[in-house]
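Visitor: Please take a close look at a single part of this model and describe how that part sits in the rest of the structure.

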Amino acid sequence: MTLNFDPRAKATTLYHGEFRPMFIGGKWVAAQSGEEMQALNPATEEVLATMPRGSAVDIDAAVAAARAAFEGPWSEFSPYERQCVLLRIADLFEKHWEELSVSDTLDMGLPITRTLANRRRVIGMLRFYGGMATALHGEAIDNSIPGEIVTFTRREPVGVVGAIIPWNAPTAASIWKIAPALATGCAIVLKPSEEASLTPLLIARLMQEAGVPDGVVNIVTGTGAEAGARLAEHPDVNKIVFTGSTLTGQAIARAGVTNLKRVSLELGGKSPVIVCRDADIDKAVPVAAMAVFVHSGQICIAGSRLFVAREIHDEFVRRVAEFAGKLRIGHGIEAETEIGPLINARQAGKVESYIKAGCDEGAELIAGGSRLTGELYDGGNFIAPTVFGAVSDKMTIAREEIFGPVISALPFDTLDEAVARANATPYGLAAGIFTTNLGTAHKLARRIKAGSVWVNMYHAIDPAVPFGGMKMSGYGREGGVEHLHEYLETKSVWIQTD
């Protein structure tokens with residue numbers, strides 16, 4: 001990607017260690033406790049800014065503001081007026097996209113070329129949900145009750161939505177939660193990850209500038225244990241939507257039982273990529289590699305289990321390893337960087353422990369496997385893209401979600417075997433298939449137990465297409481009309497006319 005601006009220069013004007021308040025009821029506020037926390041650049045560990053460490057009392061204030069807005073001025077907005085708000089937000093995102101992209105890169109490390117490339121997806125979501133705001137409706141239903149009785153359904157907003165997002169895609173994750181809430185007429189309290197809260201606060205400023213009424217969108221920064229837990233259990237939250245780890249998702253599902261709130265969960269994965277013997281190897285190698293390495297492996301859909309037909313296994317894995325070795329690793333703010341840092345030292349240490357487990361359990365380390373050191377990497381959390389061969393299905397690296405740049409290559413002999421082994425996981429978020437046979441593509445796509453299956457491609461996500469998981473990867477869908485239904489209640493109306 002050719003950049004028409006200097007991201008490093010823009011970065012110097014964005015954050016200087018200053019305090020960034022959170023957004024509740026249309027006001028910029030500190031935590032009621034006065035406590036703060038730091039936002040660190042994962043490439044350098046430098047302090048970008050400080051922000052409130054919100055707690056239960058701040059969540060309570062945000063939920064109260066959301067409830068007042070939902071039952072007050074926001075309830076009077078027509079579908080057309082909600083659409084106009086979303087389209088104004090989209091226009092502002094267009095205007096400030098470079099700033100949003102640089103903020104994401106500084107806050108969570110993804111290379112600037114990739115944050116910039118999210119433009120079409122994020123702004124597309126805003127315009128898609130803006131369009132859908134005027135397309136939501138119930139239906140007239142013929143009933144079989146004697147007499148002249150008219151029956152129809154209404155689609156009504158569920159109410160106050162609590163949203164908790166991870167650190168690996170602040171802009172996209174924020175809009176994937178906020179936009180459908182606005183389109184359906186809900187109000188929302190967003191709790192971003194404490195590891196990457198700065199961009200959601202920028203987004204709140206754009207929401208305010210676009211004319212979103214006070215209290216409709218609230219951003220509370222804080223930890224998951226304090227702010228996130230209260231939001232999940234809050235008795236006046238009608239729906240909770242969460243993206244993150246399966247373990248945390250289970251806790252949120254249990255918390256939602258307190259008032260039987262609606263719950264949508266997009267959780268972890270251990271996604272298989274199946275490379276058939278007839279695959280176009282030249283095209284498949286970079287796609288299969290970047291199915292994991294694209295975000296240093298810090299992505300729920302990472303295709304970290306690479307099943308390769310035995311006939312082509314050795315060549316394919318060798319070429320993936322060569323591809324991994326050529327990737328440019330560095331600070332995300334540099335235009336030439338292809339792979340950025342991991343989010344923090346804790347996550348880097350976790351990934352290193354998985355790499356050690358792979359070696360200890362007998363896997364062959366073919367590429368990478370080490371933390372990068374030297375002047376370019378000082379203070380950051382950089383791990384070289386890693387490829388393991390001679391992996392068995394029982395090894396830790398083949399069973400557990402690593403959330404790091406680690407591929408486990410596994411040979412297979414038959415498609416039936418590949419399907420059985422690919423499905424032998426508690427997760428079911430995504431899968432990839434590489435084949436030049438259309439019949440094989442259809443058969444495997446039908447048999448793989450995953451919410452999204454990509455054939456001869458990976459990572460494609462569109463606002464109109466549902467996305468979500470099966471099994472321990474969660475339930476509910478984001479994207480498409482199904483996503484909007486997650487934010488709506490169906491009411492049946494009976495009218496006797498005779």
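**A buried loop residue and its surroundings**

Guide: V220 has a relative accessibility of 0%, so this residue counts as buried. The model is a predicted one. V220 is placed in the loop between β9 and α9. Apart from neighbours within four places in sequence, the residues in contact with V220 are M22, I24, G54, D58, I59, A62, V189, L190, K191 and P192. For a sense of distance, the C-alpha atoms of V220 and L444 are separated by 43 Å, the two residues being 224 residues apart along the chain.

Three of the names in that contact list, D58, I59 and A62, lead to helix α2. This helix runs over residues 56-71, has 16 residues, and reaches 22 Å from its first C-alpha to its last, close to the 22 Å expected at 1.5 Å a residue. D58, I59 and A62 are buried in α2, and the other buried residues of this helix are V63, A65, A66, R67, A69 and F70. An α-helix has 3.6 residues a turn, so residues three or four places apart point the same way. The cover over the buried residues of α2 includes the strands β1 (22-24), β6 (149-157), β7 (160-164), β8 (187-191) and β9 (217-219), together with the helix α9 (224-233).

On the other side of the loop that holds V220 is α9. Its buried residues are A227, G228, R230, L231 and A232. They pack against α2, β7 and β8, and also against β10 (239-243) and α10 (246-255). Thus α2 and α9 appear in each other's surroundings: α9 is among the elements covering α2, and α2 is among those that the buried residues of α9 pack against.

Another helix, α8, covers residues 198-209; its end C-alpha atoms are 17 Å apart, which agrees with the 16 Å that 12 residues should span at 1.5 Å a residue. Nine of the 12 residues of α8 are buried, so this helix is largely enclosed by the rest of the structure. The buried ones are L198, T199, P200, L201, L202, I203, A204, L206 and M207. G211 follows α8 and has a positive phi, near 95°.

Most residues other than glycine have a negative phi, and most peptide bonds are trans. A390 is not a glycine, yet its phi is positive, about 55°. F403, also not a glycine, has a positive phi of about 60°. A390 lies in the loop between β15 (386-389) and α14 (396-399), while F403 is in the loop between α14 and β16 (406-412). A390 is partly exposed, at a relative accessible area of 47%, whereas F403 is buried, at 19%.

As for the whole, the protein has 17 helices and 22 strands. Its radius of gyration is 23 Å, close to the 23 Å that the globule rule gives for 498 residues, so the protein is as compact as a globular protein of that length. Buried residues make up 57% of the 498 residues. Of the contacts with a separation of 6 or more, 75% come from residues 24 or more positions apart.

Methods: Residues numbered from 1 in each chain as written. Predicted model: local features only at pLDDT ≥ 70, side-chain atom pairs only at ≥ 80, totals over all residues. Heavy atoms only, no water. Helix = DSSP H or I, 4+ residues; strand = E, 2+ residues; numbered from the N terminus. Expected span 1.5 Å × (residues − 1). Buried < 20%, exposed > 50% of the residue type's maximum accessible area, 1.4 Å probe, protein only. Contact = heavy atoms within 4.5 Å. Rg over C-alpha atoms; globule rule 2.2 N^0.38 Å.
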